[in-house]
Every structure is written in structure tokens, then in C-alpha cells.
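Visitor: Please take me through one part of this model in close-up: a loop residue, and then the helix packing around it. I'd like the cut-offs as you go.

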Amino acid sequence: MELFGIPLQALLSQLLLGLVNGSFYAMLSLGLAVIFGLLNVINFAHGALYMMGAFFAWMGLNYFQVNYWVMLVLGPILVGIFGIIIEKTMLRWLYKLDHLYGLLLTFGITLMLEGLFRSFFGVSGQPYSVPEALTGAFNLGFMILPKYRAWVVLASLVICLATWFVIEKTKLGSYLRAGTENPKLVEAFGINVPLMVTLTYGFGVALAAFAGVLAAPVIQVSPLMGSNLIIVVFAVVVIGGMGSILGSILTGLGLGVIEGFTRVFYPELSATVVFIIMAIVLMIRPAGLFGKEK
């Protein structure tokens with residue numbers, strides 16, 4: 001069975017691959033959106049922290065025999081603690097300054113982290129095996145669905161929607177938004193705004209680490225895996241709207257699918273289709289698809 005001259009199984013395989021890539025785009029852009037929307041910081045170190053999450057999973061398995069499921073929880077916690085240290089020692093002094101200062105600082109952190117991991121592990125990728133419970137595939141009749149890829153899509157959707165719900169629909173989320181807009185008024189009600197801001201940054205980078213652990217069995221774990229992805233993720237955030245939580249989720253998944261289909265119909269365009277869409281969106285709506293005009 002064919003559609004537009006392409007076998008249906010090939011189209012569905014690219015749809016699945018696009019959803020997997022879109023899941024990583026959604027989680028990473030969600031973390032960026034949380035940090036920018038609530039803390040007003042452009043976190044260029046997000047890709048390096050994503051890489052740290054993957055390497056922590058790899059080191060946990062190879063050095064300490066800690067399995068995938070434990071590292072799926074422990075990895076984001078460790079990277080989140082590292083993010084809290086960054087926020088408390090460096091970033092908090094830049095909140096009232098121009099965005100360029102935060103961008104330069106986090107870019108410098110990225111270079112240091114990548115250089116550190118490169119000196120220890122080199123530039124070649126490290127293999128990380130799929131956990132035994134998720135090996136194999138489902139035979140759906142019309143296509144073969146690898147269990148691990150299905151798990152990546154499911155886990156990312158659950159995390160993304162849960163994050164959106166907490167920030168947009170709960171009292172904690174309203175405290176976070178109010179604390180960034182008028183911190184003195186919120187502190188007058190007895191809420192520790194600096195602690196809340198610190199934990200928000202830690203949570204944002206923990207999302208990146210969670211995506212890194214999920215990515216470890218799919219791609220080779222290498223010091224450059226974050227830098228290869230972060231530019232595309234920033235484009236996703238810009239298209240969805242800087243600071244828009246729901247926009248980052250929907251745009252990440254949608255662009256992943258578009259990128260996957262582009263590989264089928266016009267492979268030469270697949271590496272640039274996201275940036276072409278970004279240029280078109282910015283010409284029509286500079287604030288992004290879900291962003292608010294100021």
C-alpha cells in the first residue's frame with residue numbers, strides 16, 4: 001500500500017522517528033521555556049546539561065552497575081543539583097541585567113563542560129544498551145514498533161503535560177508566575193521567592209537531564225551530543241514563543257513530525273526545514289505561534 005508514491009510502512013516509520021525526535025525537542029524546549037518564562041534567562045547551557053544526563057546514565061551503568069531505571073530518576077536529580085549550584089553562585093547576579101550577560105555566561109559553562117567531558121571520554125560516542133524490559137518490538141501488522149521508541153514518546157508526553165499542568169493550573173504555578181513578576185509582593189505573603197527561583201532553575205535543567213537519559217540508548221553518548229541539538233531546540237522555542245510552556249510542547253512534537261516526513265519527500269531539506277519554518281513564523285508573528293506580543 002502506497003501514499004503519494006511512498007510505501008505506507010516507510011511513512012509510518014518516519015512518523016515514529018519524527019515523534020521520537022519531537023519528544024526530545026519538546027522536553028528540551030520545555031526546560032528552556034520554563035527557565036526563560038519564569039526566570040527571564042536564556043540558558044544556552046541546556047544542551048550541555050542534556051549531555052551530562054546521558055553521561056551520568058552511562059557512568060552509572062559502567063562504573064557502578066546502576067541500571068537504567070534508577071538513573072532515569074537519579075540522573076536528573078544530580079544534574080538538577082548541579083544547576084542549583086550554578087544558579088546560586090553565578091546566575092542570580094544576572095537577573096536584572098541584559099539577556100546577553102546570561103547568554104554569555106551559560107555559553108561559557110557549555111564550553112567548559114564539553115571540554116571537561118571531551119578530555120575524559122574523547123569525541124567518539126559511547127554505546128548504552130536498551131534496558132532488557134524494553135528490548136524487542138510490537139508487530140502492529142502494518143509496521144514494527146520498537147518498544148523503546150514507544151516508551152520515549154510516552155514518557156516525554158507524560159512529563160511535558162504534567163509540567164504544563166503544574167505551572168498553568170495549580171497554586172504552585174501561580175506562585176511561580178507571581179514571584180517572577182512581582183517578587184516583593186509575593187515575599188510579603190511569606191513565600192521564599194529566591195528559593196522558589198533556585199528550585200525552578202534546578203527543575204528546568206533536570207528536564208534536560210531526563211531527556212539525556214532517555215536519549216542514551218537511542219544515540220551514541222558523546223560530549224558533543226548537546227551542541228548538535230541545542231540550536232534546533234532554540235529554533236523550536238522561538239517558533240512556539242519564548243516562555244510559552246504549551247507552545248514548546250506542541251511545537252517540538254509538530255516539528256519533529258514535519259522533519260521526519262521531510263526526510264521521505266525531500267531529504268535534502270530535512271536539516272534546514274525547522275529554520276525555514278522559523279523564518280516564516282517570525283515574519284508573520286514575531287512573538288511566535290503561542291507567544292504574547294509585548
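Guide: Asn40 is partly exposed, because its relative accessible area of 36% falls between the limits used here (buried is under 20%, exposed is over 50%, with a 1.4 Å probe and protein chains only). Asn40 sits in the loop between H1 and H2, where helices (H or I, at least four residues) and strands (E, at least two) are DSSP runs numbered from the N terminus. Its phi is near 65 degrees, a positive value in a residue that isn't glycine. For background, most residues other than glycine have a negative phi, and most peptide bonds are trans.

Keep in mind that this is a predicted model, with residues numbered from 1 along each chain as its sequence is written, and that local features need pLDDT of at least 70 while side-chain atom pairs count only at pLDDT 80 or more. Totals for chains, interfaces and linings use all residues, and side-chain values use heavy atoms, with hydrogens and water left out.

Another positive phi turns up at Gln65, at about 55 degrees, and Gln65 is not a glycine either. Gln65 belongs to the loop between H2 and H3, and at 61% relative accessibility it counts as exposed.

Now for the helix that follows the Asn40 loop. His46 is part of H2 and is buried, with a relative accessible area of 0%. Setting aside neighbours within four places in sequence, His46 is in contact (heavy atoms within 4.5 Å) with Leu28, Gly31, Leu32, Ile35, Gly204, Val205, Ala208 and Ile230. His46 and Tyr201 are 155 residues apart along the chain, yet 11 Å separates their C-alpha atoms. Also worth a look is Leu49, which touches Asn43, Val79, Phe82, Leu113, Tyr201, Val205, Ala208 and Ala209, again leaving out residues up to four places away.

On the other side of the Gln65 loop, the axes of H2 (residues 46-64) and H3 come within 9 Å and cross at roughly 135 degrees. Those axes are lines fitted to C-alpha atoms, for helices over the stretch in contact, and the angles run from 0 to 180 degrees between N-to-C directions. H2 and H3 are therefore oblique to each other, given that angles under 35 degrees count as roughly parallel, over 145 as roughly antiparallel, 65 to 115 as roughly perpendicular and the rest as oblique. Their crossing is right-handed: the near helix is turned clockwise from the far one by less than a right angle, and anticlockwise would be left-handed. From H2, Leu49, Met52, Gly53, Phe56, Ala57 and Gly60 meet Met71, Gly75, Leu78, Val79 and Phe82 of H3. That contact has 8 nonpolar, 3 polar and no charged residues, with Ala, Val, Leu, Ile, Met, Phe, Trp, Tyr, Cys and Pro taken as nonpolar, Asp, Glu, Lys and Arg as charged, and the others, Gly among them, as polar.

H8 is a partner for both H3 and H1. H3 (residues 68-89) and H8 (residues 193-215) pack at about 140 degrees with axes 7 Å apart, and this crossing is right-handed as well. Their contact divides into 16 nonpolar, 5 polar and 2 charged residues. H3 brings in, among others, Tyr68, Gly75, Glu87 and Lys88, while the H8 side includes Tyr201, Gly202 and Phe210.

The axes of H1 and H8, meanwhile, come within 9 Å and cross at roughly 170 degrees, which makes H1 roughly antiparallel to H8. That contact counts 17 nonpolar, 3 polar and no charged residues. Among its members are Phe24, Gly31, Val34 and Leu39 from H1, and Thr200, Tyr201, Gly204 and Ala215 from H8.

H1 has other business too. Val20 lies in H1 (residues 8-39) and counts as buried at 1% relative accessibility; beyond four places in sequence, it touches Arg149, Val152 and Val153. Over in H5 (residues 147-169), Ser156 is buried at 1% and touches Ser23 and Met27, with the sequence neighbours again left out.

Finally, the core. The largest nonpolar core (buried Ala, Val, Leu, Ile, Met, Phe, Trp, Tyr and Cys residues joined through side-chain atoms within 4.5 Å) has 86 residues, and Phe24, Leu49 and Tyr201 are among those with the most contacts inside it. H1 supplies the largest share of this core, 16 residues.
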